[in-house]
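Colleague: I am new to this structure and would like a close look at a single part of it. Please take me through that part slowly, and then place it among a few other spots.

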Amino acid sequence: MGEEKIQSPVAAEREEKAEKVQVPGRLPVLVLRDIVVFPYMIVPLYVGRPKSKKAVDAALSGDRLILLLTQKDMGVEDPGQDQLYRCGTVALIVRMLKLPDGRMRVLVQGISRVKVRAIDDDGKVLQADVEPLEDEEPAQLTLENKAMIKNVRQKFEQAGKLGKSISNEILIIAENIEEPGKLADIIASNLELKIEDSQSILEEADSLRRLTRVHDFLSYEIEMLNMQNQINLKAQGEMDKSQKEYFLRQQLKAIRKELGEESEIMEEVNAYLKKLEEAKMPEAARRETEKNIERLKKMHPESAESSVIRTYLDWIFELPWAAASKDNLNLKRARSILNQDHFGLEKVKERILEYLSVRKLTSRGHGPILCFVGPPGVGKTSLGKSIARALNKKFVRISLGGVRDEAEIRGHRRTYVGALPGKIIQELKNAGTNNPVFMMDEVDKIGMDFRGDPSSALLEVLDPEQNNTFTDHYLGVPFDLSKVLFITTANLLEPIQPAFRDRMEVIEIHGYNEEEKAEIARRHLIPRQLEANGLTPRLVEFTPGALKNIIALYTREAGVRNLEREIGGICRKVAHKVALGEKKLYRVTGRNLEKYAGVPRLFRDQLLEENAVGVATGMAWTPTGGDILFIEVKLIPGKGTLILTGSLGDVMKESASAALSLIKASAAELQLAIEKFEKTDIHIHIPEGGIPKDGPSAGVTLATALISAFTGKAVNREIAMTGEITLRGRILPVGGIKEKVLAARRAGIKTVILPEKNKKDLSELKEGHIQGMNFLFVRDFREAVNAALVETIF
């Protein structure tokens, strides 16, 4: 039932007297919060509460008449009958518009005042029984009555002249109304009255008494308008005083100049001019700086504008216009530094060395704009620091996560109080060179709202063809960013807008496998945690078995953050014992790991204990590296329904349907009666139902498990497979081969079935990772099924 006034009410008077509307004895009720509607008033209302919307619908379905009642307490959301005034206005709904947010915009015209006899609330809509409240007009106007009417008109006109917002149309209408009651209603609707005062005027039936009350309120409002005008005149006088002081200061300045006294601001101006001579800034920046120094020279030292110019000049002179660090162009040293700081990540290292090679051959090359995309904890930010160290450059970093204001990038214009340059210029000033490694973290989490789109502002920054003339709003002059090596980081590529993504060279860092994590822990994490906890290698030792178990049973992540936390927790336990005086070598092994790290939180992927019918082993890619999964099929007497469970995504469900259709089409080859499919329900389940699973790569595994279930032939438990399947039985290539093969190796799989076109992907794996494993490359599902089942059937 929520209605709120959206603009000041407008009174309306028709030139020809309309035919009087017959008011029925029962009307739907529209409850108003903060307005009293008078007769002859046209006013728009917003209708939001459910009962009110149904009241409007009820009126529109009938004669378009509705009763407008005002509630006594505007803060009550659903007022009861005792919280409503018992006198209201019958109104005609002139127009109704439904808004996108569910509310209605209703234009109503007041018709007549009525008194409420009873209100009926059925829980859906309010209905009221009413009786007309007729105006008590005098039979003949006396001289005093006419004088009152004339006085009210004059005061109403006077209020308009004093600044009250009253349209000329309303003033003309009021000038031509002779009935005191009607005049009172028109003027009351244009006064800023409290709800109680407006309601008291509405409830007054005697037209002369009503006009007298309006006269009193109008007189009070004129007094208020006169007071406001006096205050405004006083404020204008204060402004004139300030201008007078300004002219006096200018005269004083001229007198001091005639006396030969040096202005106190000249010392600053001379210092700025000296800096300008020494600064190696572009011509455009030099001209702007000279102009601001001249402006400062003509100003009073204590004026507000002079402090703004001082701040601007300080920023201009502190920027590294020509200051640049000398690049390390020794490729062997750069490679050595990158290898020291990070294990793996060969593609990233090669790209940085390529950039150095180009810089060694030519000095005109633009800095690359790289985007590292990968899960949290894979070392994106620390890789940026290593790149800066390898190139002998300064390193600066900003986080763009949650940034919504374009001014954070481009800066604020100097017209605003407290304006500053954007983050780009601020960090270059802090770096002190114009060619640092500039890292922008979390570019996939940039926001956007009414203050602008920071992603669009970054387009100029990250475009090599444009960023040599990047203009910050605060500086107002171009600054060359082409020498900066920009590196951005993101967890996901999809949220980055396409135009922004097009500016960057994307390098995906998927994460580390178990072997890489163990090597990273040995080289970097353990030494760092030993130092952080006051320990030495003579006090604690981690065996390869302990590291392997920490990675497999206590952490499951793409990066190494949780791995470092677990190592840190073990080091703290050892530090506690050492602090108690138990100083000795503590060896953490795979057997005693639970003593230091607690009960394992995860379960290692393990092979089936024996070959089974209807159970095939698949391989899946995950952000944490890869897993094996078991696809189970059970046949149940039924009507041929396919049941899929285990939190399967849409793509995996489609793969299951495709595999089943393929098997039905191959029923003759499999020596299966087609009637068996019609009388059997097929239940496919993938364990660990709490983990969502999706993707097309389980197609061949689903087909193998289904064929095993229908033929009764067991699947070899030591074989795992992956590949997308088509209705023609072709095996299509899939991604994530490296992670899938390593997951199979961890689980003890000896033979892996892969699509033939994925043979090239094995080159990503080191020889030691696949030693002792057998790979079968297949093109058709028959080859895969024959290899996977313990007995060939094709």
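Colleague: How many bridges join strand β10 to β11, and do the two run parallel or antiparallel?

Modeller: Before the strands, a word on the source: this is a predicted model, in which local features need pLDDT of at least 70 and side-chain atom pairs count only at pLDDT 80 or more, while totals for chains, interfaces and linings use all residues. Residues are numbered from 1 along each chain as its sequence is written, and side-chain values use heavy atoms, with hydrogens and water left out.

Five bridges join strand β10 (residues 395–399) to β11, and the two run parallel; strands here are DSSP runs of E with at least two residues, helices are runs of H or I with at least four, and both are numbered from the N terminus. Within this pairing, S399 stands opposite D441 in β11. Strand β11 is also joined to strand β14 (residues 485–490), through four bridges and again in parallel, with V437 standing opposite L485 in β14. Two strands count as paired if DSSP finds at least two bridges between them.

These pairings belong to an open sheet of five strands in the order β10-β11-β14-β9-β15, with parallel pairing. Its edge strands are β10 and β15 (505–508), each of which pairs on one side only, and the twist averages 20° from one strand to the next.

As for the surroundings of β11 (residues 437–441), five of its five residues are buried, so the strand is largely enclosed by the rest of the structure; buried means under 20% relative accessible area, exposed means over 50%, and partly exposed lies in between, with a 1.4 Å probe and protein chains only. In a regular strand the side chains alternate between the two faces of the sheet. In β11, V437, M439 and D441 point one way, whereas F438 and M440 point the other way, and all are buried.

Helix α12 (residues 380–391) lies across β9 (369–373), β10, β11 and β14, running at about 175° to β11. That angle is taken between N-to-C directions on a scale from 0 to 180 degrees, with axes fitted to C-alpha atoms, for helices over the stretch in contact, and contact means heavy atoms within 4.5 Å.

Two other residues can be set beside this strand. R153 lies in helix α2 (residues 143–161) and counts as buried because its relative accessibility is 14%. Not counting residues up to four places away in sequence, R153 touches A174, E175, N176, I177, E178 and L183. A698, in turn, lies in the loop between β22 (680–685) and α23 (699–711), and at 7% relative accessibility A698 counts as buried. Leaving aside neighbours within four places in sequence, A698 is in contact with I631, M652 and G723. A698 and E724 are 26 residues apart in sequence, yet 6.4 Å apart in space, C-alpha to C-alpha.
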